[in-house]
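Grab a pencil and open the structure viewer. Here are two exercises to work through at your own pace.

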Amino acid sequence: MNLTRFRDYDDIRARFRWEIPEIYNIADRALGRWAGDRGRVALFFENGAGDRETVTFWQLGRATDRFANLLASLGVGRGDRVGIVLPQCPEAAAAHLAIYRLGAIAVPMSMLYGPDSYRYILGNSGARAAIVDEAFAGKIRAVRADLPGLEQLLIRGEAGEDEVSLQAALPAMPETFEPAETRASDPALLLYTSGTTGPPKGALHAHRILEGYLLTFQLFFDLEFDETTLFWTPSDWAWVGGLLDILLPALALGRPVLAYDGRFAVESGYRLMARYGVTHIFLAPTALKMLAQVPNPRESYGLDLRVVASGGESVADEVLKWSQEGLGAVCNEFYGLTEVNHLAGSCARLWPVRPGSMGRPYPGREVEILDAAGRPTGAGEIGQIAVRPGDPTMMLGYWNDPEASAAKRRWGWILTGDLAYRDADGYIFFQGRNDDMIGSAGYRIGPAEVEEVLLRHPAVSEAAVVGSPDPVRGEIVKAFVELAAGYRGGERLVAELQQLVKEDLAAYKYPREVEFVASLPKTTTGKLNRRQLKLRERERKGG
């Protein structure tokens with residue numbers, strides 16, 4: 001897919017066509033061309049303790065086949081779901097590729113989840129096996145009795161009696177594996193995403209998804225890469241931002257990825273980028289704002305950054321300017337959803353970045369702004385962002401939820417639930433959600449699941465959760481709590497509620513603010529009126 005032949009935005013929009021083979025496998029696309037190369041680096045790995053490892057494509061190919069043989073020996077086959085809870089590490093890359101090579105379905109899960117989230121996702125997906133780092137295995141062990149379908153638990157680290165140790169089992173496996181023949185439309189990846197009502201939904205994607213990301217990956221990283229190119233993101237490989245915005249496309253293009261198993265912080269992040277010579281990076285806007293606290297970082301740390309890609313929330317004008325001046329790197333923003341991604345964005349090499357805008361619709365996507373009747377809006381008119389079906393990044397559907405899948409479609413479009421307007425040149429300007437989803441530090445958080453956990457506390461009679469404006473995170477999770485009889489609010493109760501959400505649901509979903517109220521606003525039908533609370537927060541904070 002040579003994109004350098006295109007002259008500008010109009011040229012690529014007019015001439016680009018999808019060319020996806022009928023027989024297609026993510027692992028073959030990522031490794032096939034490079035697996036025999038003993039000298040080409042696939043991964044540079046470092047953990048928080050400073051241990052380092054360099055993995056070539058040849059080594060990664062052998063590790064992938066050993067992993068595939070291990071899973072097959074445990075009964076995992078075509079169509080089976082396999083959970084993954086691993087940090088950025090060589091085993092995580094090999095696990096993903098092995099699952100795709102088997103024709104099975106990868107179910108990546110965040111290391112930040114609590115037992116409730118693991119119970120739900122592993123149960124809802126019907127996962128037959130899970131590959132888990134020892135540091136997070138306790139949360140899954142705590143709910144394993146509730147998961148009769150979870151037959152195998154593979155542990156990176158010390159394994160229990162009824163578990164499989166990767167360190168012990170993998171070296172004994174054969175280093176060659178005959179891959180399953182998969183079609184581009186066969187399922188490969190199940191990504192769980194929060195919704196405004198009920199628990200998370202599983203967005204099921206096909207092998208063809210990688211081809212869709214390969215196109216936009218090249219565009220938002222400004223097209224040209226050389227032998228010094230090195231990609232990195234602090235985003236967990238359980239998320240789209242880590243797995244599909246960096247790892248898999250970079251491997252498919254034969255370029256190395258930095259895998260760091262440690263906590264992201266400003267100082268250590270800069271030193272890591274300098275030590276390895278990171279040239280291309282994906283950062284959520286929140287991480288960019290954190291890095292901007294350091295003046296002249298390019299000179300101070302000797303950075304070689306060339307392009308920053310950012311998505312998940314809007315990038316402020318001052319952050320775009322700082323990226324160019326402080327990091328010496330162009331910043332290309334992009335926009336999309338887990339269900340269908342990279343709908344619009346920038347590519348400074350082919351069309352100029354316009355401050356305040358998410359960019360223009362990417363080639364291969366038909367994107368429109370629709371009014372309440374499903375008609376395209378005029379320039380400057382706010383409407384809902386929609387995309388035509390057919391994009392390879394579009395999900396096959398929600399797992400075991402045909403009604404929710406159908407609800408995403410209307411008037412022949414896939415509706416995003418996001419509001420925006422388009423200017424006369426086709427640049428899209430994000431205006432917010434038209435529902436109750438919370439966008440915080442690049443995460444999309446559904447209020448209902450947080451409310452459900454809060455209601456478990458005996459002091460909580462009723463709870464409403466909304467996004468409250470925040471200058472760094474975009475929004476923070478805020479809970480309005482109506483107390484049960486006999487209870488009083490206070491700092492101690494706030495801490496208990498926050499800890500409850502951290503432990504049971506996920507660390508990034510806890511309410512950073514809790515306000516105790518006498519009563520919660522309701523709609524005329526008796527439902528929680530989160531919109532009224534959200535408007536109140538915007539007025540209070542000037543958002």
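The exercises below deal with a pocket and a sheet in this predicted model.

**Exercise 1. Describe the second largest pocket: how much space lies in it, and what lines it?**

Step 1. Start with the space: the second largest pocket holds about 370 Å³.

Step 2. Now look at the wall. There are 16 lining residues, and those nearest the pocket's centre are Ala63, Arg66, Pro90, Glu91 and Leu170.

Step 3. Find where the lining comes from. Strand E2 (52–56) and the helices H3 (57–73), H4 (90–102) and H7 (166–169) each supply at least two residues. H3 gives the most, with five residues.

Step 4. Sort the lining by character: you get 10 nonpolar residues, two polar ones and four charged ones.

**Exercise 2. Work out in what order E25, E26 and E27 form their sheet, and which helices lie on these strands.**

Step 1. Read off the order: this open sheet of three strands goes E25-E26-E27, with mixed pairing. Strand E25 (460–470) and strand E27 (513–517) are the edge strands, as each pairs on one side only. From one strand to the next, the twist averages 25°.

Step 2. Zoom in on one pair. E25 and strand E26 (residues 474–483) run antiparallel and are joined by 10 bridges. For instance, glutamate 462 has glutamate 482 in E26 as its bridge partner.

Step 3. Add the helices. Helix H15 (residues 447–454) packs on the sheet and touches E25 and E26, its direction making about 140° with that of E25. Helix H16 (residues 491–504) lies across E25, E26 and E27, and runs at about 125° to E27.

Conventions: Residues numbered from 1 in each chain as written. Predicted model: local features only at pLDDT ≥ 70, side-chain atom pairs only at ≥ 80, totals over all residues. Heavy atoms only, no water. 1 Å grid on protein atoms, 1.4 Å probe; cavity = no way out; pocket = protein on both sides within 12 Å on 5 of 7 lines; lining within 4 Å. Points joined across faces, edges and corners; volume = space filled by probe spheres on them. Helix = DSSP H or I, 4+ residues; strand = E, 2+ residues; numbered from the N terminus. Nonpolar A, V, L, I, M, F, W, Y, C, P; charged D, E, K, R; others polar. Pairing = 2+ DSSP bridges. Axes fitted to C-alpha atoms, helices over the stretch in contact; angles between N-to-C directions. Contact = heavy atoms within 4.5 Å.
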